[in-house]
Amino acid sequence: MKIGEFLLDDNKITRDQLENALEVQKKEPGKLGSILIRLGNVTEEDIAQALSKQFGYPSINLSKFDIDERVLELIKPEMARKHIVMPVHRIGSILTLAMADPSNLFVQEEIRFSTNLRIQAVIAPESSIIQSIDKYYGSSTGIEAQKFLEEIELGNIDESSIELVADEDDYAFEGESDEDAPAIKLVNLIFQDSVSKGASDIHFEPYEKVFRIRFRIDGVLHEYMTPPMNLKNKVLSRVKLIAGIDIAERRLPQDGRIKTKLTVDGKTKAIDMRVSSLPTIHGEKIVIRLLDKDNLMLDMTKLGFEPLSMQRFEKSISEPWGIVLVTGPTGSGKTNTLYSAISKLNSDEVNILTAENPVEFNLFGINQVNIKEAIGLTFPAALRSFLRQDPNIILVGEIRDFETADIAIKAALTGHLVLSTLHTNDAPSTIARLINMGIEPFLVASSVRLVVAQRLVRRLCSCKKPAKTPVQTLIDIGFAPEEAKTLKIFEPNGCEKCSNTGYKGRVGLFEVMEVDEELREQIMIGASTGELRQKAKEKGMLTLRMSGVEKIKMGSTSIDEVVRETSKL
């Protein structure tokens, strides 16, 4: 029987769907299974099961297998990727091989010859095999980078040919003239793989005997590669050079920036990178923050606000004057929240000015200023100039001193809407922070309209599974006793899609404190942070922990993530 007949027998497709697919196959030669998938008639799993019946090979779920490194070494990454096959396990002289196309006997013969083992074929969907190859062997760019390192270590590429010429053209990273020079090629491969993996940061870390490169993905660092020590200085110098950093200065911290275009998965992306070098005892540690505009979420409704919190936030940013503050640690998504707000407010009728250090993303219709403290362009200097530019809305990247805070508050009290960030642990403590900077309580009470504290937690992948958590643990976290008894919550599981971590992407936790008349009175009489928090909770404010509890109930994240990022107050 042909595969179409098996699918018909299993009621996976109709006779009309089969005949339509056969007509398409006449015009566009290809496998019938692939055409049926493309037409949306069946899934890859349906095809795998049909092939299993057709050829008599078992069908497997690759995500359930933990493949041993010794088995992976039997097949080279390039062979696995070329033929879309994956070694699963070995017993004696028999190698179990997952294949998307079991009819290809030439591939089985080639692998039998190269491994000197008998091949036991099993069937898995093509996408799951590709995901497993990426998981165990690395992405195609990652494989290329590792092969490149091996070539250098084997002496096939002379690493002494890594030349660094401080030529003006070298700073223009777009359109490099010498793409094949080893340092240039290795750094380019690292950049490409970091973007394809969705990394937010790249860490180049020199130690006494190891040079390590790590990627931060969904807020967690993962080791990417450990190049040979003799490449350390050349790779670090290459990064400094294209970032416009003085490569001769290795004793002082320096900052730079790289703007480049990278081709990832067939798409060309414009990537902005912020580069920071820090001298350590074993050399310079360089951290690169990747700013991918495709990852910028400008739709506020998708950030993760609870309905009441969203309503209060939108109301405050719609007011003609006052200050709206967003607080949280580095990497908590404050910039994204502020950009979402000004994007919503952006129109032909308003003049929006921003002072940032540095400008992370260019937004059309918004006048953005890069702070350069070395030449005297500080936040206070920019703010003073802004007030002479007929602004409606002002965004201040960060309030870090009395002078900036003083000008921002005076701007808010003279008819401007001011948006800014602070580094505090939660929303109520932001008030105490401003007063500690030297701002009078009556000015804080009069100007501050809303404070948002936020955190980012990892979002559970679709492979999540129900969690068995003791009721008392749920109560301790913040659930009501009655709710805890019937609640269904989830925990990470792990699959190829999420690289077996159980998490894919991140979601925000938000604590939104609206400063109404009662809270203003409390601030004026010098109420403590605890008293402000209690009053705000009475007014309906969800704390960060309570926001986390809501995300757990929705199945968006796990208990471990919420406990890691929030405290029970």
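In this predicted model, arginine 400 is partly exposed, with a relative accessible area of 35%. Its side chain meets that of glutamate 373 in a salt bridge, with an N to O distance of 3.4 Å. Glutamate 373 is likewise partly exposed, at a relative accessible area of 44%. Arginine 400 belongs to the loop between strand 13 (393-396) and helix 15 (402-413), and glutamate 373 to the loop between strand 12 (367-370) and helix 14 (379-386), so the contact ties together parts that are 27 residues apart in sequence.

This contact has plenty of company, as a search of the whole structure returns 31 salt bridges. One of them joins glutamate 483 to lysine 553, whose closest N and O atoms are 2.9 Å apart. Here the pair links distant parts of the chain, 70 residues apart: glutamate 483 is found in helix 19 (residues 481-486), and lysine 553 in helix 22 (residues 544-554). Glutamate 483 counts as partly exposed at 27% relative accessibility, and lysine 553 is partly exposed as well, with a relative accessible area of 31%.

A salt bridge inside a single helix is formed by arginine 112 and glutamate 109, whose side chains meet at 2.5 Å, N to O. The two residues are three apart in helix 7 (residues 105-115), which means that about one helical turn separates them. Arginine 112 counts as partly exposed at 36% relative accessibility, and glutamate 109 counts as partly exposed at 43%. Salt bridges also join into a network, whose members are Asp516, Glu518, Lys535, Glu538 and Lys539.

Positive charges meet aromatic rings too. The charged end of arginine 449 is placed over the ring of tryptophan 321, at 4.3 Å from the ring's centre. Lysine 464, in turn, lies over the face of phenylalanine 490, with 4.9 Å to the ring centre.

Turning to contacts between rings, the search of the whole structure yields three aromatic pairs. In one of these, phenylalanine 215 and tyrosine 224 are stacked, with 4.2 Å from centre to centre and 20° between the planes. Both phenylalanine 215 and tyrosine 224 are buried. Another stacked pair is made by phenylalanine 305 and phenylalanine 510, where the centres are 3.9 Å apart and the planes differ by 15°. This pair links distant parts of the chain: phenylalanine 305 is in the loop between strand 9 (283-292) and helix 12 (307-317), whereas phenylalanine 510 is in strand 18 (residues 503-514), 205 residues apart. Phenylalanine 305 is buried, at a relative accessible area of 10%, and phenylalanine 510 is buried too, at 2%. Ring pairs also bring in Phe313, giving a cluster of Phe305, Phe313 and Phe510.

A further phenylalanine contributes to the surface. Together, Phe442, Met524 and Ile525 make a nonpolar surface patch of about 350 Å². Phenylalanine 442 is located in helix 17 (residues 441-447) and counts as partly exposed, at 44% relative accessibility.

Helix 11 (residues 232-242) offers a picture of burial, being mostly covered, with nine of its eleven residues buried. The buried residues of helix 11 include the nonpolar side chains of Val235, Leu236, Val239, Leu241 and Ile242, and among them are also Lys232, Ser237, Arg238 and Lys240. Glycine 244 follows helix 11 and has a positive phi, near 75°.

Finally, the cysteines deserve a word. A disulfide is a covalent bond between the sulfur atoms of two cysteines. The structure holds zero disulfides. Why does cysteine 461 form no bond with cysteine 463? The sulfur of cysteine 461 has its closest cysteine sulfur in cysteine 463, at 3.7 Å, and this is too far for a bond because the two sulfur atoms of a disulfide must be within 2.5 Å. Both residues of this pair are covered: cysteine 461 is buried, with a relative accessible area of 1%, and cysteine 463 is buried, with a relative accessible area of 15%.

Notes:
Residues numbered from 1 in each chain as written. Predicted model: local features only at pLDDT ≥ 70, side-chain atom pairs only at ≥ 80, totals over all residues. Heavy atoms only, no water. Phe/Tyr/Trp six-rings, centres within 6.5 Å; stacked < 30°, edge-to-face > 60°. Buried < 20%, exposed > 50% of the residue type's maximum accessible area, 1.4 Å probe, protein only. Helix = DSSP H or I, 4+ residues; strand = E, 2+ residues; numbered from the N terminus. Lys NZ or Arg CZ within 6 Å of the ring centre and 35° of its normal. Patch = residues over 30% accessible without salt bridge, like charges linked within 9 Å, V, L, I, M, F, W, Y side chains within 5 Å. Areas by Shrake-Rupley, 256 points an atom, 1.4 Å probe, with all protein chains shown as cover. Salt bridge = Lys/Arg side-chain N within 4 Å of Asp/Glu carboxyl O.
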